[in-house]
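Reader: Before we discuss this entry, I would like each label to be justified by a value and a cut-off. Could the reasoning be set out step by step?

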Amino acid sequence: MADSESPSPSTTDNNSKKKNKRGGLEIQGYKIEGLSIGGQETCVIFPGLNLAFDIGRCPQRAIAQDFLFISHGHMDHIGGLPMYVATRGLFSMKPPTIFVPKAIEEHVQKLFDVHRAMDQSELKHTLVALDVGEEIYIRKDLKVKAFKTYHGIPSQGYVIYSVKQKLKPEYLGRSGNEIKDLKFSGVEITDTVTSAEIAFTGDTMADFIVDPANSEVLRAKILVMECTFLENTIPVEHAREYGHIHLAEVIQYAELFQNKAILLIHFSARYQVDGSDYFVQGLRVDPHLILFHREFEPSKEIG
């Protein structure tokens, strides 16, 4: 918030980006909804995976997601948390599972205690504290891992992995009955294959990019990354002072990204344009770089 102004998805073409009927986008086979304005509100929703990253002011379409991942405690990322839980309870939905950085677990528990006292309601939910490097399954074919980010307060990002069982090469071509017999006899016939699908940074400085421990983040199919400042009149030092990323740094580290798509979000509220004019000159990223502003209206792609 510290701006000085304020599973397998459906398959599509690998380089596709299109608007879906509900007003969100579809990128790399994933539908994406939400909004993000630096210092005001950030909530990024992947409805096909039943999850959201950060909750902003609790946009209506986030309520349907069973899993919520909070990156840090700034109000524009966590302010709608009690409303998210309360609204699910009002609609008799199952209690959500909320993941938070270990460093703020106690504060979040106290936050709910205060709202329970005022609201006289249960606010049922499951709170899971994850530390950097820890991972947890949210379903048998999907797991999440927390990674280190660099902001002014305790923060972390998340990587979502698909987990699949793949038949070992030596058993390819065997009949179904043979495979069944092998499995019944206790033979391990599959290998576990994990794939980094989505990485979400939350607020951070560009230091996360060069952190050796975050190599998988730069290989995730989709990287959702903050980029608060865009134009050259705002120096990189200013962005770093407030714990954020400048577009010039994205350009500087462009060759390190191995993602299929990079979604830049969290633009400062000072920007009233989609931001594309700021990066067309000099930025050549393969794969595509996509900018979003406000409610994720798509701008140009650079390939």
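**Labels and their grounds**

Author: This is a predicted model, and a caution comes at the start: over residues 273–288 pLDDT stays under 50, although the model has 44 contacts beyond four places in sequence for that stretch. Residues 2–16 likewise stay under 50 in pLDDT, with 42 contacts beyond four places in sequence. Where pLDDT is low, the predicted coordinates should not be read in detail.

Reader: What is the mean pLDDT of the protein, and how many of its residues, as a percentage, reach 70 or more?

Author: The mean pLDDT is 84, and 82% of the residues reach 70 or more.

Reader: Why is Cys 43 not counted as bonded to Cys 58?

Author: A disulfide requires two cysteine sulfur atoms within 2.5 Å. The closest cysteine sulfur to that of Cys 43 belongs to Cys 58 and is 7.6 Å away, which is too far for a bond. By this rule the count for the model is zero disulfides.

Reader: What makes Cys 43 buried?

Author: The label buried applies under 20% relative accessible area. Cys 43 has a relative accessibility of 0%, and therefore counts as buried. Cys 227, also with a relative accessible area of 0%, is buried too.

Reader: Why is Glu 26 called buried?

Author: The relative accessible area of Glu 26 is 8%, and the cut-off for buried is under 20%, so the label applies. Glu 26 lies in strand β2, residues 25–27. Its C-alpha atom is separated by 9.8 Å from that of Phe 46, 20 residues apart along the chain.

Reader: Why does Gln 258 receive its label, buried or exposed?

Author: Gln 258 has a relative accessible area of 53%; exposed means over 50%, so Gln 258 is exposed. This residue is found in the loop between α7 (247–252) and β14 (261–265). From C-alpha to C-alpha, Gln 258 and Ile 222 are 9.6 Å apart in space, and they are 36 residues apart in sequence.

Reader: Which residues lie nearest the centre of the largest pocket, and how many residues line it?

Author: The lining comprises 14 residues, and Val 85, Gly 89, Glu 122, Leu 123 and Lys 124 lie nearest the centre. The space in this largest pocket is about 190 Å³. Helix α2 (residues 81–90) supplies the largest share of the lining, four residues.

Reader: What classes make up the lining of the largest pocket?

Author: The lining has six nonpolar, three polar and five charged residues.

Note on methods: Residues numbered from 1 in each chain as written. Predicted model: local features only at pLDDT ≥ 70, side-chain atom pairs only at ≥ 80, totals over all residues. Heavy atoms only, no water. 1 Å grid on protein atoms, 1.4 Å probe; cavity = no way out; pocket = protein on both sides within 12 Å on 5 of 7 lines; lining within 4 Å. Points joined across faces, edges and corners; volume = space filled by probe spheres on them. Helix = DSSP H or I, 4+ residues; strand = E, 2+ residues; numbered from the N terminus. Nonpolar A, V, L, I, M, F, W, Y, C, P; charged D, E, K, R; others polar. Buried < 20%, exposed > 50% of the residue type's maximum accessible area, 1.4 Å probe, protein only. pLDDT = per-residue confidence, 0-100. Contact = heavy atoms within 4.5 Å.
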